[in-house]
Amino acid sequence: MHSTDTAAAVAAAIGDAGSIFIAAHENPDGDAVGSLLGLRSILLSLGKRVHAATPTPPPARFRFLEGFDAISTDPPAERPDLAIALDCDGADRLGKLKNALLAAETVVDIDHHGGTNTFGEIRLVDPSAAATAMLVMDVAHELGMQRPTPEQASALYAALIADTGCFRFTNTSPAALRLGAELVAAGADPSDLSRRVFTIRPMEAVRLEARALSSLTLIDGGVAIATLAREDFAQTEASAELTEGIIDDFRDAIGVRAAVLLKESEPGTWQVSMRGDRVDVATVAREFGGGGHRYAAGCTIEGSRDDVTARLAAALQDAVREAPDA
Ligand SMILES: [Mn+2]
């Protein structure tokens, strides 16, 4: 039963290998990048030849982590003794690196996703782990590492807080907090790392958020709607991805049951993000041809701002009426 393979089995495979290819998933998140760089540094300290890669480039916000510039988007030139996939819910998440990784002599899957898409000869897969970084640390302990370097601790701490929302999400377990403590003791700076992973952003993003919040209206039934039109992006010189997180800044206002952010991507075309407080916004999204999770969904609607807002407001007021009371 592969899914019960242990960190000790991974450590033994690492011990036997000279060259090791480690890779994380495409569009890598903090857990992917932090786990990759933490493991890379640990393997280098053991004298291994390491090729670290992600199929698409890692976000620049993680450039401060040691080894960031060594992350390739290509497979290694030669077939490695050992390949380790990190944080991949299925080998397909390796994108263009998949074939090269699966071609290694021995393939290891280290992951904390559902556990139904595991692969490789050795599978260290534990859905109860809050982050893949926790499993990387288990392997490091099995390799005899007493204490990570400050650089390794920083990478793994960045990974841990990325996946736990800085110890706020429901996966924040005693084990996650214990690992956090261990990494801070080893030199990870929690204040600096939470800023770098979560809150540092371009001034354009702040200006864009100011515009979104100044447009915010709360209509009857607890439906909060903010809009960002073409001119808001033009005047703040902000790009579309800088809207990330804006909706979360008003969804939690007391009295809001459904939060909506409208972004005008083309003249008259609105990208809609919705969040529900126990309100099923996925059904509303599907009415407009979109989809998503029950309490976090999206769709695209065409029309004037007033028209689109009115249609969404009516659908969401219905959804609030059908939801359990706040
Ligand atoms: Mn993860």
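**Two domains, two sheets**

Tutor: The C-alpha centres of domain 1 and domain 2 lie 35 Å apart in this predicted model.

Student: What makes these two domains, and where are their bounds?

Tutor: The bounds come from a domain assignment, which gives 2-199 for domain 1 and 204-322 for domain 2.

Student: Take the sheet with the order β2-β1-β3-β4-β5. What makes β2 and β5 its edge strands?

Tutor: Each of the two, β2 (49-53) and β5, pairs on one side only. The sheet is open, has five strands and pairs in the parallel sense. On average, its neighbouring strands are turned by 15 degrees against each other, with direction ignored.

Student: What makes β3 and β4 a pair?

Tutor: Two strands need at least two bridges to count as paired. β3 (residues 82-86) and β4 have five, in the parallel sense, and therefore meet the criterion. Among the partners, L86 stands opposite I110 and A85 is bridged to D109.

Student: How many bridges support the pairing of β4 with β5?

Tutor: Four bridges join β4 to β5 (residues 122-125), and the two strands run parallel. That again passes the minimum of two. I110 of β4 has L124 as its bridge partner in β5, while L86 is opposite I110 as well.

Student: Why is β4 called mostly covered?

Tutor: A residue is buried if 20 or more other C-beta atoms lie within 10 Å of its own. In β4 (residues 106-111), five of the six residues are buried.

Student: Why is helix α4 described as largely enclosed?

Tutor: Nine of the 11 residues of α4 (residues 132-142) are buried, so the rest of the structure largely encloses this helix. The buried residues are T132, A133, M134, L135, V136, M137, D138, V139 and A140. After α4 comes G144, which has a positive phi near 90 degrees.

Student: Which strands does α2 lie across, and at what angle to β1?

Tutor: α2 (residues 30-45) lies across β1 (19-24), β2 and β3, and runs at about 170 degrees to β1. Angles over 145 degrees count as roughly antiparallel, and the value for α2 and β1 is about 170 degrees. α4 also packs on this sheet, touching β3, β4 and β5, with its direction at about 125 degrees to that of β4.

Student: Why are α2 and α5 called roughly antiparallel?

Tutor: The axes of α2 and α5 (residues 150-164) cross at roughly 160 degrees and come within 7 Å. The threshold is an angle over 145 degrees, and α2 and α5 are therefore roughly antiparallel to each other. The contact involves several residues of each helix, including G34, G38 and S41 of α2 and A155, A159 and A162 of α5.

Student: V197 lies in α7 (residues 190-199). Why does V197 count as buried?

Tutor: V197 has 21 C-beta neighbours inside 10 Å. The cut-off is 20 or more, so V197 counts as buried. Leaving out residues up to four places away in sequence, V197 touches G30, A158, I161 and A162. By contrast, V197 and S128 are 23 Å apart in space, C-alpha to C-alpha, and 69 residues apart in sequence.

Student: Now the sheet of six strands. What makes β6 and β10 its edge strands?

Tutor: β6 (217-219) and β10 (291-293) each pair on one side only. The order of this open sheet is β6-β7-β8-β9-β11-β10, and the pairing is mixed. From one strand to the next, the twist averages 20 degrees.

Student: What makes β7 and β8 a pair?

Tutor: Six parallel bridges link β7 (residues 223-228) to β8 (residues 258-266), set against a minimum of two. One of the bridge partners is L262 in β8, which belongs to T227.

Student: Which helices pack on or lie across this sheet?

Tutor: α8 (residues 203-214) packs on the sheet and touches β7 and β8, its direction making about 135 degrees with that of β7. α12 (residues 305-322) lies across β6, β7, β8, β9 (269-276) and β11 (296-302), and runs at about 155 degrees to β7.

Student: Why is α12 roughly antiparallel to β7?

Tutor: The angle of about 155 degrees is over 145, so the direction counts as roughly antiparallel.

Note on methods: Residues are numbered from 1 along each chain as its sequence is written. This is a predicted model: local features need pLDDT of at least 70, side-chain atom pairs count only at pLDDT 80 or more; totals for chains, interfaces and linings use all residues. A residue is buried if 20 or more other C-beta atoms lie within 10 Å of its own, exposed if 12 or fewer, and partly exposed in between; C-beta atoms are placed from the backbone. Axes are lines fitted to C-alpha atoms, for helices over the stretch in contact, and angles run from 0 to 180 degrees between N-to-C directions. Two residues are in contact if their C-beta atoms, placed from the backbone, lie within 7 Å. Angles under 35 degrees count as roughly parallel, over 145 as roughly antiparallel, 65 to 115 as roughly perpendicular and the rest as oblique.
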